[in-house]
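User: Please teach me to read the packing in this structure. I would like the general idea, then the case at hand.

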Amino acid sequence: MQYDLIVIGSGPGGYVAAIRASQLGLKTAIVEKESLGGVCLNWGCIPTKALLKSAQVFEYLKHAGDYGITVNDYNADFSKVIGRSRDVADGMSKGVQFLMKKNKIDVINGIGKIKQGKKVEVTAADGSTTSHDAQHIILATGARSRILPGLEQDGKKILGYREAMVLPNKPESMVIVGSGAIGCEFAYFYNSMGTKVTLVEFMPNIVPIEDEDISKQLARSFKKSGISIMTESSVESVDTSGNGCKVKVKTKKGEEIIECDIVLSAVGITPNIENIGLEEVGVITDKGKVIVNDYYQTNIPGVYAIGDIVKGPALAHVASAEGILCVEKIAGLPVHPINYGNIPGCTYSSPEIASVGMTEKAAKEAGLEIKIGKFPFSASGKAKASGASDGFVKVIFDAKYGEWLGAHLIGMNVTELIAEVVVARNLETTGHEIIKSIHPHPTMSEAIMEAVADAYGEVIHM
């Protein structure tokens, strides 16, 4: 079969690219070795949010008395919580199947590999192979859990994120190595379910890529909920010879042994670039990533790469944007490169974190004179009424030119608020334009307006 475009990988980069290509009139096929939707829909973004929602509901029940409601005899059925998460993931995957049919995209099941002459060889589950021709090939093969020496995953006692989502029973205790988004989300989930959680982070602060004020606030919230946090610490080895695990942790004060049932390795991801034909075709890579230009073209004409296997934030919405831009460039549309300085990042723990742009530290290191505004949710009527007054909004502006350099939010539902900042920064909106844009009351979004007003000495409710 001759195609205009074949996409290898059906995650949020691949399937979105395929749909956009079909919309633009390209005869398109997509190759997937497992389930449509890739890691995000099946083992990442979506099922984890289902788990976190169950944890949040359980937390509401625990604190129902704070809202004047008495609830007796409640408990969390761990297997049903896991089952709901899998049902949500399965439903989303079926949704992608529908979108493939709707957009007349051929789905080829198997492991895809690029070959010389713009061909894709697909090996099916039964070992049979088929060959397909395409004018253009997009590699969107995603990533997998990173393996560290001394922390090799066995799928039983030392887990990656996939196994952590489908445990048959709730562990009594767990050590989580790494406090990025994955580590913190699982820390919140398992702690809420009743597991004793210890979070180990090599850097001085948890969620180390975030603004320092955000990191410190999340640490306070986590410690208040009973999560143990060890920063500037590293796991040296894990002894799994007994019934549980003995985790040797190196700290500033020396070595410490922590006993637990399960260890979750959340130390990042590794791009899936092996065995997809890169060396055979001559695609250039560097430090485990495929080298591409601003429009995701590799050094080989007609071969492109997007998502976790190229340089940039390994985020679902980034992969989707890259896929769309790549396809539109192929189709000859007038497009512009993505501004990677305006990519929002979100962590869906409780409290949630959302941020975009420069941190305070980065702005100062760049030698910029800045204005900082901060508004606590403890001063927000909506947050107080909702029983979720932990957290704040922090904004950073360039004092000389008024550019909105960054925003950092922590609190309930802040992942739903950050898009206002992304759009405003994209439109080069000034702080005064935000202040004069009437925000509805009472809402959490007012905190953005109030934080901006604080930066310019005009805050009302603080």
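Analyst: Start with one term: contact means heavy atoms within 4.5 Å. Keep in mind that this is a predicted model.

User: Which residues is Phe 222 in contact with, leaving aside its neighbours within four places in sequence?

Analyst: Its contacts include Cys 184, Ala 187 and Tyr 188. Leu 199, Ile 206, Ile 227 and Ile 229 are also among them. So are Ser 349 and Ser 350.

User: How do I read the largest nonpolar core, and which members touch the most others?

Analyst: In soluble globular proteins, nonpolar side chains tend to be buried together. Here the largest core has 38 residues. Ile 176, Phe 186, Phe 189, Tyr 190 and Phe 222 touch the most other members. Elements giving two or more residues include helix 3 (45–62), helix 4 (78–102), strand 9 (173–177) and helix 7 (212–224). Helix 6 gives the most, with 7 residues. Apart from this core lies another, of 30 residues. Phe 375, Val 395, Trp 404 and Val 459 are among its members.

User: Now the sheet. In what order do the 5 strands of the open sheet lie?

Analyst: Strands of a sheet pair through backbone hydrogen bonds, either parallel or antiparallel. In this sheet the order is 20-21-24-23-22, and the pairing is antiparallel. Strand 20 (345–347) and strand 22 (370–376) each have a single partner strand, so one side of each is left without a neighbour in the sheet. From one strand to the next, the twist averages 10°.

User: How many bridges join strand 23 to strand 24?

Analyst: There are 6, between residues 392–398 and residues 404–411. Within strand 24, Leu 409 is the residue opposite Val 393.

User: Which strands does helix 7 touch as it packs on the sheet?

Analyst: Helix 7 touches strand 21 (352–357), strand 22, strand 23 and strand 24. Its direction makes about 0° with that of strand 24. Another helix to look at is helix 14 (residues 446–455), which lies across strand 22, strand 23 and strand 24. Helix 14 runs at about 140° to strand 22.

User: Last, a loop residue. Where is the place of Ser 225?

Analyst: Ser 225 sits in the loop between helix 7 and strand 11 (228–230). Its relative accessible area is 39%. Buried means under 20% and exposed over 50%, so Ser 225 counts as partly exposed.

User: What does the side chain of Ser 225 reach?

Analyst: The side chain of Ser 225 reaches the backbone oxygen of Phe 222, at 2.8 Å. That brings us back to Phe 222, one of the residues that touch the most other members of the largest core.

Definitions and conventions:
Residues are numbered from 1 along each chain as its sequence is written. This is a predicted model: local features need pLDDT of at least 70, side-chain atom pairs count only at pLDDT 80 or more; totals for chains, interfaces and linings use all residues. Side-chain values use heavy atoms; hydrogens and water are left out. A nonpolar core is a set of buried Ala, Val, Leu, Ile, Met, Phe, Trp, Tyr and Cys residues joined through side-chain atoms within 4.5 Å. Buried means under 20% relative accessible area, exposed over 50%, partly exposed in between (1.4 Å probe, protein chains only). Helices (H or I, at least four residues) and strands (E, at least two) are DSSP runs, numbered from the N terminus. Two strands pair if DSSP finds at least two bridges between them. Axes are lines fitted to C-alpha atoms, for helices over the stretch in contact, and angles run from 0 to 180 degrees between N-to-C directions. A polar contact is a pair of N or O atoms within 3.5 Å; within protein, one must be able to donate a hydrogen and the other to accept it, and residues adjacent in sequence count only if both atoms are side-chain atoms.
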